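Let's take a friendly walk through this structure, starting where two chains meet and then turning to a pocket.

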Amino acid sequence: MDRDEMLRALTAMDFYLVDMALYLNTHPDDTEALARYNAIINEANALRESYEQQYGPLYSFRSGSAAPWQWINDPWPWQAQFNFTLGGDDK
Amino acid sequence: MWIYEKKLEYPIKIKNPNPRMAKYIISQYGGPDGELAASLRYLSQRFSMVTPQAKATLNDIGTEELAHLEMIGTMVKQLTEKASVEELEKAGLGAYYTDHDRAVYPVSASGTPFTAAYLQSKGDPITDLYEDMAAEQKARSTYEYLIQLADDPDVIDPLRFLREREVVHFQRFGEALRLVQDYLGDRKRVSMRMPDRKR
């Protein structure tokens, strides 16, 4: 997977988790949903680790860094070149 | 405590500048039904919320709204960064340019600076959750009007994502309201809460 593909997969998994966490907040007894949530957490953690090894830290003060300090590296998320195109091909 | 995640909740990659759309979309940054008001509303109300489910709902939706604020700021930046001063002025952003250049500043579409008067934090959990459900509907309507004004798929796509989040948040707040009503007892459904006693 190249950077855009990894970021796309990570964004999809993280969105699943954001949405599922909101659901679990009001449905804490739904064990089936909770099991799916926990499974995606593990999958996302593995992908996040390999993304960070190749492209640098994703989290402020929770991700390690190679030297020199990588956190400051461009691009930042608000820059167009940071982001991937959905669907792959350029519209 | 918050941890910044160095990516967007949903990608924004706008190829064509469009200062006209930026002028409208900025309302969801600093306008009456925008993401800043939403985030501050929920993150302030959580301090006086009751029940574990409703506290978590306010905390987490308030946090997600910060990610939406970042998406809106990103859209405004990408829509304006390559526009000339003449294009900005033609799009009605001459006054904005005078005060802010192409920087992102919290104003409504009509140029009114952000004010905390857009939100409430009332101390009554039922009152607050009704406000939150109304706020989600108002934001949904705003996104629908913005989608009507837009013609670029790079712009419409993230606006549709944000619109859908308003629908989900409305649903979650409705569930939280029902749980809080059950917790407080039926009396709360139809009447007012007992006023604080004078000491």
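Which residue of chain B forms a salt bridge with Asp19(A)? The partner is Arg165(B), with the closest N and O atoms 2.8 Å apart. Please keep in mind that this is a predicted model.

## Where the chains meet

The salt bridge of Asp19(A) and Arg165(B) belongs to a count of three between chain A and chain B. Polar contacts add to the picture: 14 residue pairs make them across this interface, with both residues at pLDDT 80 or more. On the chain A side, helix α1 (residues 3–26) supplies the largest share of the residues touching chain B, namely eleven. By character, that side of chain A splits into 21 nonpolar, eleven polar and five charged residues.

How many residues of each chain are in contact? Chain A brings 37 and chain B brings 35. The size of an interface is often expressed as the accessible area lost when the parts come together. Here the two chains bury about 3,000 Å² between them, and 61% of that lies on carbon and sulfur atoms.

## The largest pocket

The largest pocket holds about 990 Å³ of space. Its lining has 27 residues, and those nearest the centre are Val18(A), Ile3(B), Glu5(B), Thr63(B) and Ala67(B). Elements that give two or more residues to this lining are α1 and α2 (31–55) of chain A, along with α4 (52–80) of chain B.

Which element gives the most to the lining? That is α4(B), with seven residues. Sorted by type, the lining comprises 15 nonpolar, three polar and nine charged residues.

Note on methods: Residues are numbered from 1 along each chain as its sequence is written. Chains are lettered from A and ligands numbered from 1 in the order in which they are written. This is a predicted model: local features need pLDDT of at least 70, side-chain atom pairs count only at pLDDT 80 or more; totals for chains, interfaces and linings use all residues. Side-chain values use heavy atoms; hydrogens and water are left out. Contact means heavy atoms within 4.5 Å. Buried area is the accessible area (1.4 Å probe) that two parts lose on being put together, summed over both. A salt bridge is a side-chain nitrogen of Lys or Arg within 4 Å of a carboxyl oxygen of Asp or Glu. A polar contact is a pair of N or O atoms within 3.5 Å; within protein, one must be able to donate a hydrogen and the other to accept it, and residues adjacent in sequence count only if both atoms are side-chain atoms. Helices (H or I, at least four residues) and strands (E, at least two) are DSSP runs, numbered from the N terminus. Ala, Val, Leu, Ile, Met, Phe, Trp, Tyr, Cys and Pro count as nonpolar, Asp, Glu, Lys and Arg as charged, and the others, Gly among them, as polar. On a 1 Å grid over the protein atoms alone, a cavity is a set of points where a 1.4 Å probe fits but cannot get out, and a pocket is an open set with protein on both sides within 12 Å along at least five of seven lines; lining residues have an atom within 4 Å of a point. Grid points are joined across faces, edges and corners, and a volume is the space filled by probe spheres set on the points.
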